[in-house]
Amino acid sequence: MSTLIESPTIKRPHRSPEFTVQDKEIRTILCPQMAPIHFALMQAVFENHGCRFEILPEVDRDAIEEGLRYVNNDVCYPAIVVVGQLIQAMKSGNYDPDRTALMISQTCGGCRSTNYAAFLKIAAAKAGFHNVPVIPFSVDIANGNTKGINVNFKMLKKMFLAFLYGDLLLTLSNRCRPYETVQGSVNALVESWITRLRREILGNKKHRVADFAAPIVHDFDVLELNEEQTRPRVGIVGEILVKYHPGANNHLVALIEQEGGEVVVPNTLDFMLYCLTSDEQRKRYSHVPFFAGLKSSAGAWLIERQRNKVRNILKKSRRFAPMGTIRHLIRLAEPIVSTCNHTGEGWLLTAEMVELIEEHVPNIVCVQPFGCLPNHVTGKGVLKELRSRYTQANITTIDYDPGSTEVNQLNRIKLLMAVALRNFSK
Ligand code: SF4
C-alpha cells in the first residue's frame, strides 16, 4: 500500500510583473533617494537611455511611518526608509499605477539587502499596487531583472561617470564648504556643475573622464575661501544609505559643520569596487569559478584605470588630495579582518576607518542601522583593535532606526566634536 504524503502548501512571495520594453515607453520609474549629488546625475543617465525616471525627494517622518506599516520592524532601517518612501509616493495619488514602476537598490549576499526587492514587492501588493513592476537595481544591473531597460555598455559607462563625478563633487564640496567666504558659494558651484554634467550626460556626445574632472577641480581650486582657518576633520563611514542620505542620517554633514568640523566622506565607487572584487577575494579561500574571479579583477582594473585620470588631476591641485585605490584599501583591512567579509559593507568599513586615520582624519563617526549585524562585526567589532593600533583615534558609533531619538545622536556627535576640537588645539 503506497502512502501518499501531502506536501505542505508553500506560500510563495508575491511576484510583481516584469518591467518590459513596452513599459519603458509608458511607465515612470520611481527611485528612492540615496546620495543627492550622485542620484541627480543618475537620473540623467536613465533619461538618456530613454526611460522616464524620477528620484523621490527627501524622506520625511511620514515616509518612515509608511515603511513601518508595510515592512516588519525587525527589518533593517534602510529597507523601512526606501520602501516607505516609495509606498508614500504611490499613495499620494500623484502617480498612476498603470504608468509607474518602482526601483529599489539591492546588493546580493549574506545580509538582508538581498531581500529588499522582495520586501518592496510584498509591501506594494499589500498597499494595493499589485500591478506595479519592481526593478531591483544592483552593481550587477546588467544581469538583473531589467530586460525592459536593456542595460548596455554605453549606459554602464555613463553610470560609472555619474558616480565618478558625484564622488568628485561630494569630496571637493565637503573640503571647501566650512571655509567659504561667501555663504552658499560652494553649494551653488555644486548645483551649477550638476546642471552642466546632466546636460552633457543627456547629450550623446562622447567625452573622456578628464574633460570634466579637470575643470571641476579647477573651479573648486580657485574658489574664494578663508585660507587662514582650519578645522578638525571628521570622517563618516558606515552603512551605505545612512552614510550618504541626509534624510536618513538626520543631516549629519550639516551638523558636524555646524559643530566646527570639516567632513570627509569616502567615495561611493569604493563600495562598487568592494562589491566587484568580492569573487576575487573569495577565491583566496574557497572555490570560485575561474571566469568569475577573472571578471572581478578585470572590472576593478578597468575602473581604477579611469580613476587614475582623476587622481592625476587631483595631484596637481593645490587644495585636494587624490583618493586611494581599492588595492590599497584591501591592504589596509587585511591585518585586521579577513577580506572575505562580504556582507553589508564588510571589510571595506574597517579599511575606510584605517585609511581615514592614516590620512590624518582621526575623528570618525561610524553610522549603522540598529541591529545591522555585518556592520557591527566590521565596524563596532574592530574598534578595540583600531584604538590599540592608533591611539589618536577618536571614533564614535551611532545607531539609526525609526525609534532612535535625535537627542542621543546629537549628544554623541557633540561629545566626539568636543574631543576633536580639544585634540586639534593642542
Ligand atoms: S548591511 Fe546591515 S542594514 Fe544593510 S541590509 Fe545588511 S544587515 Fe541590513
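A disulfide is counted here where a pair of cysteine sulfur atoms lies within 2.5 Å, and by this rule the count in the structure comes to zero disulfides. The structure is a predicted model, and the values below are all computed from it.

Two cysteines can be placed by their accessibility. C76, at 12% relative accessibility, counts as buried because the limit for that class is under 20%, whereas C275, with a relative accessible area of 22%, is partly exposed.

**The ligand shell**

C76 also belongs to the set of residues that surround the ligand, a set that includes C111 and C372 as well. The other members of this shell are P78, R112, S113, Y116, E239, G344, P369 and P374. Sorted by class, the shell has seven nonpolar, two polar and two charged residues. Domain 1 (21–151) and domain 2 (230–267 + 323–425) each contribute at least three residues to the shell.

**An enclosed helix**

Helix α15 spans residues 346–358, and it is largely enclosed by the rest of the structure, because 12 of its 13 residues are buried. The buried residues of α15 include the nonpolar W347, L348, L349, A351, M353, V354, L356 and I357, and G346, T350, E352 and E355 are buried in this helix too. After α15 comes H360, whose phi is positive, near 65°.

**Side chains that reach other parts of the chain**

Two arginines use their side chains to reach a backbone oxygen, and a glutamate pairs with two other side chains; the distances are collected in the table.

| Side chain | Partner | Distance |
|---|---|---|
| R198 | backbone oxygen of A40 | 2.8 Å |
| R412 | backbone oxygen of T397 | 2.9 Å |
| E280 | side chain of S297 | 3.0 Å |
| E280 | side chain of R327 | 2.9 Å |

R198 lies in helix α7, which covers residues 185–202. R198 and A40 are separated by 158 residues in sequence, yet their C-alpha atoms are 7.8 Å apart in space. Beyond its neighbours up to four places away in sequence, R198 touches L41, Q43, A44 and E47 in addition to A40, and the side chain of R198 comes to 2.8 Å from the backbone oxygen of A40.

R412 is placed in helix α18, residues 406–425, and is partly exposed, with a relative accessibility of 40%. Its partner T397 is 15 residues away in sequence and 8.2 Å away from C-alpha to C-alpha. When neighbours within four places in sequence are left aside, the contacts of R412 are with T396, T397 and I398.

E280 sits in helix α12, residues 278–282, where it is buried at a relative accessible area of 11%. Its side chain makes polar contacts with the side chain of S297 and with that of R327. The residues that E280 touches, not counting those up to four places away in sequence, are G293, S296, S297, R327 and I330.

**A buried threonine**

T268 is found in helix α11, which runs over residues 268–276. With a relative accessible area of 1%, T268 is buried. Which residues does T268 touch, not counting those up to four places away in sequence? They are H38, F163, D167 and Y244.

Technical notes: Residues are numbered from 1 along each chain as its sequence is written. This is a predicted model: local features need pLDDT of at least 70, side-chain atom pairs count only at pLDDT 80 or more; totals for chains, interfaces and linings use all residues. Side-chain values use heavy atoms; hydrogens and water are left out. Helices (H or I, at least four residues) and strands (E, at least two) are DSSP runs, numbered from the N terminus. Contact means heavy atoms within 4.5 Å. A polar contact is a pair of N or O atoms within 3.5 Å; within protein, one must be able to donate a hydrogen and the other to accept it, and residues adjacent in sequence count only if both atoms are side-chain atoms. A residue is near a molecule or strand if one of its heavy atoms lies within 4 Å of it. Domain bounds come from an automatic or database domain assignment. Buried means under 20% relative accessible area, exposed over 50%, partly exposed in between (1.4 Å probe, protein chains only).
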